[in-house]
Amino acid sequence: MNATFFLLPLAAVLMLMMPLVPIYKGVTTGQKAKHAVIFNLCAFFGVAALMVILPMGGFITLAEGTSAAAAEAGMTIGHGLGFLAAALVTGLSCIGAGIAVAAAAPAAIGAFSEDPKAFGKALIFVALGEGVALYGLLISILIINNL
């Protein structure tokens, strides 16, 4: 048994667990929070780098039957990247929609509590934020249909 078969997955698991460290320390504000965000970003990009480097370097290999079945089905690296692109489009658009709704919904509730006639106008701004997620979902469906 090679040591890389044990150490590389262990490194990936440790990097996945690193963002939990500031949570357990109770970091919420100030300079420590800034360092915690940088720490989380480094952990995320470290895991992303491992996901790219390990398959390309040949450290992780699939079973013989799996690669043969994928070759018979006509699956290529381009198909895998297409599925990855569809997942990224959906995920990032939903994150953006969540940020937009998080900013618009409290303002809409405040406007509605002051003037009940403003409900329709406020609802439009919340719905525009949710539209971003629908556009991302539509693009991911188009990407998957072209694979």
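## Helix H5 and its exposed face

Ile95 is placed in helix H5. In this predicted model, Ile95 counts as exposed because its relative accessibility is 53%, and the cut-off for exposure is over 50%. Ile95 also contributes to a nonpolar surface patch of about 760 Å², whose other members are Ile77, Leu81, Leu84, Leu88, Leu92 and Ile99.

Helix H5 covers residues 77–114. For its 38 residues, a rise of 1.5 Å a residue gives an expected span of 56 Å, and the end C-alpha atoms of H5 are indeed 56 Å apart, so the two values agree. At the start of H5, Thr76 places a side-chain oxygen within 3.3 Å of the backbone nitrogen of Gly78.

## Overall architecture

The protein chain contains 6 helices and 0 strands. Its order along the sequence is α-α-α-α-α-α. The chain has 147 residues, of which 15% are buried. About 11000 Å² of the protein chain is exposed, and carbon and sulfur atoms account for 77% of that area.

Contacts within the chain can be described by sequence separation. Taking contacts between residues at least 6 apart in sequence, 68% join residues at least 24 apart. Several pairs between H5 and H6 are described in the sections below.

## Buried residues of H5

Which residues of H5 are buried? They are Gly82, Ala86, Ser93, Ala97, Ala104 and Ala108. The cover over these buried residues includes helix H6, which comprises residues 119–145.

Ser93 is one of the buried residues of H5. Its relative accessibility is 11%, and because the limit for burial is under 20%, Ser93 falls in the buried class. Beyond its neighbours within four places in sequence, Ser93 is in contact with Leu88, Val132, Ala133, Gly136 and Leu137. Among these partners, Leu88 belongs to the nonpolar surface patch, while Ala133 and Gly136 are buried residues of H6.

Gly96 is likewise found in helix H5. With a relative accessibility of 29%, Gly96 counts as partly exposed. The C-alpha atom of Gly96 is 8.9 Å from that of Glu130, although 34 residues separate the two in sequence.

## Helix H6 and its buried residues

Helix H6 has 27 residues, and the distance from its first C-alpha to its last is 39 Å, close to the 39 Å expected at 1.5 Å a residue. The buried residues in H6 are Ala122, Val126, Gly129, Gly131, Ala133, Gly136 and Ser140. Helix H5 is included in what covers them. In turn, H6 is part of the cover over the buried residues of H5.

## Contacts from H6 to H5

Val126 lies in helix H6. The relative accessible area of Val126 is 13%, so this residue is classed as buried. When residues up to four places away in sequence are not counted, Val126 touches Val101, Ala104, Ala105 and Ala108. Of these, Ala104 and Ala108 are themselves among the buried residues of H5. The C-alpha atom of Val126 is 7.7 Å from that of Ala100, which is 26 residues away along the chain.

Gly129 also has its place in helix H6. Is Gly129 buried or exposed? Its relative accessible area is 7%, so Gly129 is buried. Outside its neighbours within four places in sequence, Gly129 is in contact with Ala97, Ala100 and Val101. Ala97 is one of the buried residues of H5. Gly129 and Ile99 are 30 residues apart along the chain, with 8.2 Å between their C-alpha atoms. Ile99 is a member of the nonpolar surface patch.

Ser140 is another residue of helix H6. At 4% relative accessibility, Ser140 lies under the 20% limit and therefore counts as buried. Its contacts, with residues up to four places away in sequence left out, are Ala86, Val89 and Thr90. Ala86 appears among the buried residues of H5.

Technical notes. Residues are numbered from 1 along each chain as its sequence is written. This is a predicted model: local features need pLDDT of at least 70, side-chain atom pairs count only at pLDDT 80 or more; totals for chains, interfaces and linings use all residues. Side-chain values use heavy atoms; hydrogens and water are left out. Helices (H or I, at least four residues) and strands (E, at least two) are DSSP runs, numbered from the N terminus. Buried means under 20% relative accessible area, exposed over 50%, partly exposed in between (1.4 Å probe, protein chains only). Contact means heavy atoms within 4.5 Å. Accessible areas come from the Shrake-Rupley method with a 1.4 Å probe; for residues, only the protein chains shown count as cover. Patches are made of residues with over 30% relative accessible area and no salt bridge: like charges are joined within 9 Å, nonpolar side chains (Val, Leu, Ile, Met, Phe, Trp, Tyr) within 5 Å. A salt bridge is a side-chain nitrogen of Lys or Arg within 4 Å of a carboxyl oxygen of Asp or Glu. The expected span of a helix is 1.5 Å times one less than its number of residues. A polar contact is a pair of N or O atoms within 3.5 Å; within protein, one must be able to donate a hydrogen and the other to accept it, and residues adjacent in sequence count only if both atoms are side-chain atoms.
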